[in-house]
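Dear colleague,

Please find below the structure that I am handing over to you. My notes on what was found in it follow directly after.

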Amino acid sequence: MHVLVTGATGFVGSHLVPELVDAGHRVRVLVRDQTQYEGLDGVAVFEGDLLDPGSFEAALDGVDAAYYLVHSMHAGPDYADRDRRAARNFVDAADDAGVERAVYLGGLGEERERLSEHLKSRREVERVLSEGTFELTSLRAAIIIGDGSSSFEMVRQLAVRLPVMVTPKWVDTECQPIAIGDVVAYLAGVLDQPETAGETYEIGGPDVLTYREVMARTAETVTGRRPLIVPVPVLTPRISMYWVGLVTSVPKSVAYPLILGLKNSVVVHDDSIRDHLPIELTPFDEAVARAVHNPAKPPESAADQSTEGYSPVAGER
Ligand SMILES: NC(=O)c1ccc[n+]([C@@H]2O[C@H](COP(=O)([O-])OP(=O)(O)OC[C@H]3O[C@@H](n4cnc5c(N)ncnc54)[C@H](OP(=O)(O)O)[C@@H]3O)[C@@H](O)[C@H]2O)c1
């Protein structure tokens, strides 16, 4: 199949492209800045911006299926508007090009539980994409565990750098993390399952955990010790945002919307994807171990693991 991957420079897209190549597809990618993209042999690179109609349409010419793996949080607070426009532009161009299938990866979460702005925006993009004449397969995931995932990076740096954390009550929200390898297996797998065209699926790993467990088990895997986590009801997300900004390197524009989403439970209620793709799911601890074992990166520094570190919020009580 001729397949286009948008968001190919991103975390999910960069893992998906080699998998699609290995599966024998003719793969092309859409990137905004070709000079920043290290392509794979045999992958055609198209430069264009989904917010700039006229700049990217050539990438869709002759494509059978396209992956939509784009979000605009890095660009600041009006990301929802940009994401709506980018999805609309994609739909118009994909319809003109006669694309038959598209695959989107969005977020889990129950709409009746008042989703955060970020999760609402992800769902809105799903709705816009579903208006295309192509058949859309939507996958919805919670936090993806892998090297380069902004949400996992935020958790990892907090967990490893703060032996004591005073947190808002969101630490007891449930989530269902999934390993990047499993996400890629589902994303690539649905293309070979025609009956998944036009459907929406929830995807998750084998473990349902609270964010407290996610942080404790991540710290244990990386450093061998668990942080002390003390939830305090009076802390607002705004204060959490402040110290996440201080402690982690995740850009504020991405970290803030993600933190506001921590109030929403993100677990799989319908696992019908497994009727089509019964892949063996990676246990959480193994996913973390794989994500942090990147020989190209130096190990966590001694300063990062200092037992003197604690959440600055503790000092504000
Ligand atoms: N990471 C997670 O834990 C997670 C969890 C659940 C769902 N998801 C979903 O997975 C999808 C991909 O997320 P990710 O984590 O891979 O994000 P990411 O690493 O931040 O990548 C975002 C990608 O979007 C591209 N992009 C942004 N604006 C664009 C535009 N106007 N035109 C063309 N490309 C544009 C970026 O390109 P540049 O390099 O040019 O900026 C980048 O390649 C999203 O739909 C996200 O909601 C992710």
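In this predicted model, a backbone N or O atom of Leu50 lies 3.0 Å from a nitrogen atom of the ligand. Gly10 also approaches the ligand through its backbone, with an N or O atom 3.0 Å from a ligand oxygen atom. Ser151 makes its approach with a polar side-chain atom, which lies 2.7 Å from an oxygen atom of the ligand. In total, 23 residues surround the ligand, and the closest are Thr9, Arg32, Leu105, Arg122 and Ser151.

Ser151 also takes part in the packing of two helices. Helix 4 (residues 150-161) and helix 8 (residues 252-260) have axes that come within 10 Å and cross at roughly 85 degrees. Helix 4 is therefore roughly perpendicular to helix 8. On the side of helix 4, the residues that meet the partner are Ser150, Ser151 and Met154, while helix 8 contributes Val254, Ala255, Leu258 and Ile259. Sorted by character, the residues of this contact between helix 4 and helix 8 comprise five nonpolar, two polar and no charged.

Helix 1 (residues 11-22) should be considered next. Its buried residues are Phe11, Val12, Gly13, Leu16, Val17 and Leu20. These buried residues pack against several elements: strand 1 (2-6), strand 2 (26-31), strand 4, strand 5 (101-107), strand 7 (144-145) and helix 5 (180-191). Just after helix 1, Gly24 adopts a positive phi of about 95 degrees.

Two loop residues also deserve a note. Val63 is found in the loop between strand 3 (44-47) and strand 4 (65-68). Is Val63 buried or exposed? Val63 counts as buried because its relative accessibility is 4%. Leaving out residues up to four places away in sequence, Val63 touches His2, Leu4, Arg28 and Val99. From Val63 to Gly205 the separation is 142 residues in sequence and 31 Å in space, C-alpha to C-alpha.

The other is Thr282, which sits in the loop between helix 9 (273-276) and helix 10 (284-292). With a relative accessible area of 7%, Thr282 is likewise buried. Apart from its neighbours within four places in sequence, Thr282 is in contact with Ala179, Asp182, Pro206, Ala287 and Arg290.

With kind regards

Definitions and conventions
Residues numbered from 1 in each chain as written. Predicted model: local features only at pLDDT ≥ 70, side-chain atom pairs only at ≥ 80, totals over all residues. Heavy atoms only, no water. Axes fitted to C-alpha atoms, helices over the stretch in contact; angles between N-to-C directions. Helix = DSSP H or I, 4+ residues; strand = E, 2+ residues; numbered from the N terminus. Parallel < 35°, antiparallel > 145°, perpendicular 65-115°, else oblique. Contact = heavy atoms within 4.5 Å. Nonpolar A, V, L, I, M, F, W, Y, C, P; charged D, E, K, R; others polar. Buried < 20%, exposed > 50% of the residue type's maximum accessible area, 1.4 Å probe, protein only. Near = heavy atom within 4 Å. Polar contact = N/O pair within 3.5 Å; in protein donor to acceptor, adjacent residues only side chain to side chain.
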